[in-house]
Each structure stands twice: as structure tokens, then as C-alpha cells.
Amino acid sequence: MERVAPGRAPAFEFHVLGPLTVVKDGAELAMSANRELVILASLLLNANRVMSVERLVEAVWAGSAPRSAWRQVAICVSRLRRTLGAGLIETSSPGYLLRASPASIDWLRFRELVARSRGQAAVGEREDAVLLLRDALALWRGQPFEDIRGLRFDAARMAESRLEALETCLELEIELGRHHQVIPELLALVAESPFRERVRAQLMLAQYRAGRRADALRTYQETRRYLLEQIGLEPGPALRRLHEQILRDESALMRPPAPRPAAARPVPSQLPPQVLPFVGRDRELATLDTILGSARAPGAMVLCGAAGVGKTTLAVHWAHRQADRFPDGQLYADMSATGPAPVMDRFLRALGVQEIPADPAEKLALYRSCTARTRLLVVLDGAEDSDQVLPLLPGGPDCRVIVTSRNPLDDLVARQGANRAFLQPLADDAARHLADLLAGGALGPQAVADLVVTSRGNPLSLRLGAARLHSRAGQPAA
């Protein structure tokens with residue numbers, strides 16, 4: 001067993017794709033109390049999100065909770081904290097939150113691998129998609145949450161995800177010409193889920209391509225008889241069409257579909273126009289060049305400062321100046337009035353994704369996959385906190401991110417190692433230069449001097465003041 005170095009946080013692995021087990025620093029923890037297991041399972045399925053006490057009560061007692069249910073939940077959480085260690089489960093209104101890395105929970109790893117495989121299949125990389133799906137399916141060790149009534153819907157959802165992943169994997173393998181190899185697995189899957197017509201169609205096609213035409217026709221007859229006996233329905237149109245094709249020995253059945261040609265990947269160019277004239281900030285631009293141009297430095301830069309100090313202007317100016325360094329595009333989002341979910345949808349569509357998964361974890365995995373091998377710049381403007389930014393960080397080491405915020409975003413700096421610069425007002429000479437460009441020729445030196453003094457080096461105040469002075473003088477604004 002690995003010895004934990006002093007001061008290092010314990011490494012956890014949570015297994016829910018089968019009997020619930022917890023591994024801490026390489027050793028499995030003893031978890032025997034049923035209620036504690038139910039609460040832990042509920043928190044793991046909602047990792048890094050608040051789970052209300054009401055939902056935990058429903059998971060434990062499934063509609064027959066005693067009056068003391070809330071107190072018993074608190075007792076169970078306290079015991080879990082003693083077992084797992086302090087800091088893993090936090091109290092957060094209206095319930096509790098379990099903080100864990102997605103890589104430490106096999107259910108989240110499964111969903112990430114499935115989402116990545118979907119992206120590979122979408123661009124015709126079937127072999128890579130199959131490998132990812134096989135890795136995902138290998139995480140399963142049994143049926144999750146057996147005999148836990150309060151989690152039966154979660155268990156059904158997880159089982160459905162596994163079956164969909166397995167069906168997709170087998171379909172891709174048939175397309176790759178492995179029909180002989182998948183027949184035994186398809187026979188077992190038909191026995192496990194006899195009402196799934198997609199699986200029966202896959203079995204018929206694999207049997208036909210393997211030279212077992214009679215077996216394929218027999219599979220159809222058995223399917224038809226079973227459906228009529230069990231639910232009184234004929235097979236669906238897709239299965240009937242395949243049956244007719246086999247009867248006619250259509251040559252198309254022997255030809256797997258040609259690999260889909262990779263579509264030309266769109267190159268998003270979402271940067272807003274530059275604010276001109278732009279003066280000063282030579283030192284800040286050099287800092288951005290140094291930090292975001294280094295291959296070894298973290299890929300994110302946070303520009304902090306007061307309102308109107310020029311954070312967005314600086315970020316957009318640098319982004320336009322360095323656009324050629326990011327041949328895969330530039331993404332931009334105003335974060336001041338939105339959350340990360342709709343922004344991620346827009347980013348995925350800009351990157352050419354046609355079908356965006358509804359599940360947030362799958363969506364995040366797809367976004368990371370789409371950006372994994374790109375040289376992309378992401379500008380997140382006006383972020384309020386780190387939670388807005390973290391889901392939108394791209395997956396590739398050659399991607400760069402600029403975040404502007406009035407807040408210091410300490411959490412982003414601490415967790416992601418982001419660099420940070422605190423933007424100050426313009427120096428006096430730069431402020432005078434900007435004021436001259438905006439108003440000097442029309443308003444005279446005294447008006448320019450007054451403008452510099454009243455603005456205190458704030459570029460937005462300078463621009464607004466110049467615009468007002470021009471309006472009063474009856475001249476067009478600069």
C-alpha cells in the first residue's frame with residue numbers, strides 16, 4: 001500500500017458502477033451502514049453540486065421517512081466525514097456538497113469517455129471511438145445500487161447509458177468488419193434486453209455478413225414471435241426493412257457505410273472590434289506576450305481592475321494583434337449577464353458540433369475533446385467568479401484563455417495556476433496622449449488638461465468626457 005506523504009491530501013477513488021466502494025490511498029474503506037451508503041451514493045451522483053436534504057431523505061426512505069429523518073441524515077453525514085476525512089463533504093444550503101475530481105468517480109469517467117467517443121465517431125474515427133467505448137464499458141463491475149429503492153431511477157438511467165454505449169460500440173465494430181467477433185456478445189445482449197430491437201437488428205446484420213443467412217432469418221422469426229407473445233406487436237419498420245433486405249440478398253448489406261469524410265472545421269472569429277485609439281499599456285502587452293506565449297506557462301491569464309480601467313480593451317487589442325498565433329480560432333463571450341452553460345453551447349456550435357448532448361458532464365467532455373488538439377484563444381469578458389470560468393477552460397495545452405473581471409478570482413489562480421495582472425489607470429503621459437487624440441485638436445489644451453485631471457487615468461471616463469465636450473461644442477464625436 002502506498003504511503004501518504006505528510007501534508008498531501010488523500011487520494012480517493014469512488015466506484016459506483018457496481019457495488020459501491022471507496023478506495024482511499026490505495027486501500028478500500030469499510031462502508032457497511034446502508035443509510036450512509038445511500039447518502040454517499042446520492043452525493044457522488046451529484047458531485048460538486050449541492051444535494052438538498054429533502055432529496056437525501058427521499059433517497060434513503062423512498063417516501064416513508066420518519067419525523068427524525070433530517071436529524072438522521074445529519075448523523076449519517078457526520079459519520080461519513082469521520083470515515084472519509086474532513087473537507088470532502090461540505091455543508092451548503094439547502095443541504096450538502098461532495099467535492100471530488102471527476103476523474104475519481106467511475107460514473108463521471110464513463111460519461112466523459114462516451115462523450116469523447118461520440119466526437120471521434122462524428123469525424124469518422126471509428127477505431128478510436130470503439131477504443132474509448134471499450135474503456136468506458138470496462139469500468140462497469142455490476143448493477144449499481146441494487147436494493148436501494150430511493151435510487152432506482154438513477155440506477156435505471158445509468159443502466160440505460162451502459163446499454164446505449166454497448167449498442168453503439170457493437171454497431172461501430174460491425175461497420176469495421178468485425179461481425180464474426182461481435183455475434184457472441186450480441187446473443188448475450190439479446191438475452192439480457194430482449195425488447196431492444198436495435199440489438200436484434202445488429203445481430204441479424206452480423207449473422208448475415210458472417211455468411212449465416214439462415215440464422216439471421218431465424219433471429220427475425222424468433223423476434224417477431226416473442227414480441228407478439230409478450231406485447232402483441234409486430235417488429236418495427238427498421239427491423240422489417242432489414243428482414244426484407246436479407247430475403248432479397250441486397251448487396252448493400254455486405255458493404256459497411258463508407259467512412260464519413262471529415263468536414264472542414266469552422267474557424268470561429270468572435271472577437272469584438274477594437275476600441276481605438278489605443279495608447280499606453282506597453283508593459284501589460286509585453287506581460288501578455290510573455291505569459292501566453294510560453295509553452296510552459298499556464299494557459300490562462302486573469303486581468304483584474306476597476307470598472308472602466310480598460311480590461312476588455314486590453315484583452316481584445318492583444319487578441320487581435322496575436323490572432324495569427326491561434327489558427328483554430330478565437331472564441332469570445334460576455335460573461336457579465338450569463339452562466340457557463342449557454343456559453344458552452346454557443347462555443348460548441350461555433351466549433352462545428354451539430355448535436356450537443358443535454359447532460360452537462362457529457363457536454364463538458366465534448367468541449368474538452370473538441371479543443372484538445374487545437375491552438376485556440378478564448379476570451380471570457382466580465383466574469384463574476386471562478387465558477388463561471390472553470391467549465392469553459394479548453395482542453396488543449398496549446399489553447400490560451402484571457403479572463404477579465406472586477407474581482408481577483410483567487411480560486412481560479414489557486415486551482416488552475418492561472419496568472420493574474422491587476423490593471424491600473426493610465427499613467428499621466430498616456431492619459432494626456434489619449435485625451436489629445438480624442439479631443440485636443442478641437443477643444444484646446446485647457447480642456448484636455450481638465451479632462452485628464454477629472455478622469456484620473458480611467459480610459460472610459462476619458463472617452464465619456466471627450467464625447468460630452470464634443471457634444472457641447474456642437475462638433476461630431478471622435
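# Exercises on a predicted model

Arg 281 sits in the loop between α10 and α11. The model is predicted. Start with this loop, then work outwards.

## Exercise 1: A loop with special backbone

**Task.** Decide whether Arg 281 is buried or exposed, and state the sign of its phi.

**Solution.**
1. Find the loop. Helix α10 covers residues 237–247, and α11 covers 282–292. Arg 281 lies in the loop between them.
2. Check the accessibility. Arg 281 has a relative accessible area of 8%. The cut-off for buried is under 20%. Arg 281 therefore counts as buried.
3. Read phi. For Arg 281 phi is near 65 degrees, which is positive. Arg 281 is a residue other than glycine.
4. Put this in context. Most residues other than glycine have a negative phi.

**Task.** Describe Pro 277 and Gly 280, which are both placed in that loop.

**Solution.**
1. Take Pro 277. The peptide bond from Leu 276 to Pro 277 is cis, and its omega is near 0 degrees.
2. Recall the general rule. Most peptide bonds are trans.
3. Take Gly 280. Its relative accessible area is 27%. Partly exposed runs between 20% and 50%. Gly 280 is therefore partly exposed.

## Exercise 2: From one loop to another

**Task.** Find where Leu 409 lies and how far it is from Gly 280 in space.

**Solution.**
1. Place Leu 409. It is in the loop between β10 (400–405) and α16 (410–416).
2. Read phi. Leu 409 has a positive value, near 55 degrees, and is not a glycine.
3. Check the accessibility. With a relative accessible area of 5%, Leu 409 is buried.
4. Compare sequence and space. Gly 280 and Leu 409 are 129 residues apart in sequence. Their C-alpha atoms are 25 Å apart.

**Task.** State which peptide bond at Pro 94 is cis.

**Solution.**
1. Place Pro 94. It belongs to the loop between β5 (89–92) and β6.
2. Read omega. The bond from Ser 93 to Pro 94 is cis, with omega near 10 degrees.

## Exercise 3: A helix and its cover

**Task.** List the buried residues of helix α2 and name elements that cover them.

**Solution.**
1. Locate α2. It spans residues 53–61.
2. List its buried residues. They are Val 53, Leu 56, Val 57, Ala 59, Val 60 and Trp 61.
3. Apply the helix rule. An α-helix has 3.6 residues a turn, so residues three or four places apart point the same way.
4. Find the cover. It includes α1 (34–45), β4 (51–52), α3 (69–84) and β6 (95–98).
5. Look past the end. Ala 62 follows α2, and its phi is positive, near 50 degrees.

**Task.** Trace the contacts of Ser 42.

**Solution.**
1. Place Ser 42. It lies in helix α1.
2. Check the accessibility. At 1% relative accessibility, Ser 42 is buried.
3. List the contacts, leaving out neighbours within four places in sequence. Ser 42 meets Met 51, Leu 56, Ala 59 and Leu 151.
4. Link to α2. Leu 56 and Ala 59 are among its buried residues.

## Exercise 4: The cores

**Task.** Which residues touch the most other members of the largest nonpolar core?

**Solution.**
1. Start with a tendency. In soluble globular proteins, nonpolar side chains tend to be buried together.
2. Read the core. It has 81 residues. Ile 39, Leu 40, Val 73, Trp 107, Phe 110 and Phe 145 touch the most other members.
3. Find the main contributor. Helix α6 (residues 152–175) gives the largest share, 9 residues.
4. Look apart from this core. Another core has 30 residues, including Ala 333, Met 335, Met 344 and Val 389.
5. Zoom in on Phe 110. Beyond its neighbours within four places in sequence, its contacts include Leu 17, Trp 140, Ser 161 and Arg 162.

## Exercise 5: The whole chain

**Task.** Decide whether the chain is compact or spread out.

**Solution.**
1. Count the elements. The chain has 19 helices and 11 strands.
2. Compare the radii. The radius of gyration is 30 Å, while the globule rule gives 23 Å for 478 residues.
3. Conclude. The first value is well over the second, so the chain is more spread out than a compact globule.
4. Add the box. The C-alpha atoms fill roughly 95 × 65 × 45 Å along the principal axes.
5. Add burial. Of the 478 residues, 46% are buried.

Methods: Residues are numbered from 1 along each chain as its sequence is written. This is a predicted model: local features need pLDDT of at least 70, side-chain atom pairs count only at pLDDT 80 or more; totals for chains, interfaces and linings use all residues. Side-chain values use heavy atoms; hydrogens and water are left out. Helices (H or I, at least four residues) and strands (E, at least two) are DSSP runs, numbered from the N terminus. The radius of gyration is taken over C-alpha atoms; the globule rule is 2.2 Å times the number of residues to the power 0.38. Buried means under 20% relative accessible area, exposed over 50%, partly exposed in between (1.4 Å probe, protein chains only). A nonpolar core is a set of buried Ala, Val, Leu, Ile, Met, Phe, Trp, Tyr and Cys residues joined through side-chain atoms within 4.5 Å. Contact means heavy atoms within 4.5 Å.
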